[in-house]
Amino acid sequence: MPHTTTVLSRHLPSLTGGALLLLGSLLSTTALAEAPEAREPAEVYRQVCAHCHAPDKAVGPEITITFPEAAWEARGNYIRNTVRHGRAAMPAFRAAKISDAELEGLIQALVSGELDDAPAQGGEE
């Protein structure tokens, strides 16, 4: 009887590709199912920013001051960069703490003055 050997490497690409495709679809479905809803800008400010930036804290500069509409884009870029990369005593916040959608909503609310009278405290974190 002749000795025959099946070479697994010949079948491996098709097996691996199917397994990876299945794994990828499961992971993306799981990630979508577990993605929390974006918090409202006032809630993000209260939970993350107000600890230092509320007027009664006097730790960081007040950030809820209304800006002229002509400066919104520049101010938004400054806020985005500072939140993601930190600056001086301000720590960087990754997307796990403030999602990109939450950050964009927060920026819009800050530059437009929507949070000018945002409550500094209250509720649970």
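These exercises walk through a predicted model, each with a worked solution.

Residues are numbered from 1 along each chain as its sequence is written. In this predicted model, local features need pLDDT of at least 70, side-chain atom pairs count only at pLDDT 80 or more, and totals for chains, interfaces and linings use all residues, while side-chain values use heavy atoms, with hydrogens and water left out.

**Exercise 1. The overall layout**

State how many helices and strands the protein has, and what share of its residues is buried.

Solution. Start with the secondary structure. The protein has 4 helices and 0 strands. Helices (H or I, at least four residues) and strands (E, at least two) are DSSP runs, numbered from the N terminus. Read from the N terminus, the order is α-α-α-α.

Next, burial. Of the 125 residues, 26% are buried. Buried means under 20% relative accessible area, exposed means over 50%, and partly exposed lies in between (1.4 Å probe, protein chains only).

Last, contacts. Contact means heavy atoms within 4.5 Å. Take the contacts between residues at least 6 apart in sequence: 60% of them join residues at least 24 apart.

**Exercise 2. Q47 and its partners**

Is Q47 buried or exposed, and which side chains make polar contacts with the Q47 side chain?

Solution. First place the residue. Q47 sits in helix α2, which covers residues 41–53. Its relative accessible area is 14%, so Q47 is buried.

Now look for polar partners. A polar contact is a pair of N or O atoms within 3.5 Å; within protein, one must be able to donate a hydrogen and the other to accept it, and residues adjacent in sequence count only if both atoms are side-chain atoms. The Q47 side chain meets the R39 side chain at 2.5 Å. It also meets the E43 side chain, at 2.7 Å.

**Exercise 3. How α2 meets α4**

Describe the crossing of α2 and α4, then list the residues in contact.

Solution. Begin with the axes, which are lines fitted to C-alpha atoms, for helices over the stretch in contact; angles run from 0 to 180 degrees between N-to-C directions. The axes of α2 and α4 (residues 100–112) come within 9 Å and cross at roughly 100°. Therefore α2 is roughly perpendicular to α4, a class that takes angles of 65 to 115 degrees.

Then list the contact. From α2 come P41, V44, Y45 and C49; from α4 come E102, G105, L106 and A109. These residues divide into 6 nonpolar, 1 polar and 1 charged. Ala, Val, Leu, Ile, Met, Phe, Trp, Tyr, Cys and Pro count as nonpolar, Asp, Glu, Lys and Arg as charged, and the others, Gly among them, as polar.

Finally, zoom in on E102. At 7% relative accessibility, E102 is buried. Leaving out residues up to four places away in sequence, E102 touches E37, A38, R39, V44 and K97.

**Exercise 4. Length and packing of α3 and α4**

Check the span of each helix, then say what its buried residues pack against.

Solution. The expected span of a helix is 1.5 Å times one less than its number of residues. For the 13 residues of α4 that gives 18 Å, and the end C-alpha atoms are 18 Å apart, so the two agree. For the 14 residues of α3 it gives 20 Å, and the ends are 20 Å apart, so these agree too.

Now the packing. In α4, E102, L103, L106, I107, A109, L110 and V111 are buried. They pack against α2 and α3 (72–85). In α3, the buried residues are R75, G76, I79, T82, V83 and R84. They pack against α4.

Look just past the helix ends. G86 follows α3 with a positive phi of about 75°. G113 follows α4 with a positive phi near 85°.

**Exercise 5. Three loop residues**

Locate F67, A58 and A88, and give the exposure of each.

Solution. Take F67 first. It lies in the loop between α2 and α3. With a relative accessible area of 27%, F67 is partly exposed. Beyond residues up to four places away in sequence, F67 touches W72, R75 and V111. The C-alpha atoms of F67 and S112 are 6.4 Å apart, with these positions 45 residues apart along the chain.

Then A58, also in the loop between α2 and α3. A58 is exposed, at 66% relative accessibility. Its phi is positive, about 55°, although A58 is not a glycine.

End with A88, in the loop between α3 and α4. A88 is exposed, with a relative accessible area of 82%. Its phi is about 50°, positive although A88 is not a glycine.

Notes. Parallel < 35°, antiparallel > 145°, perpendicular 65-115°, else oblique.
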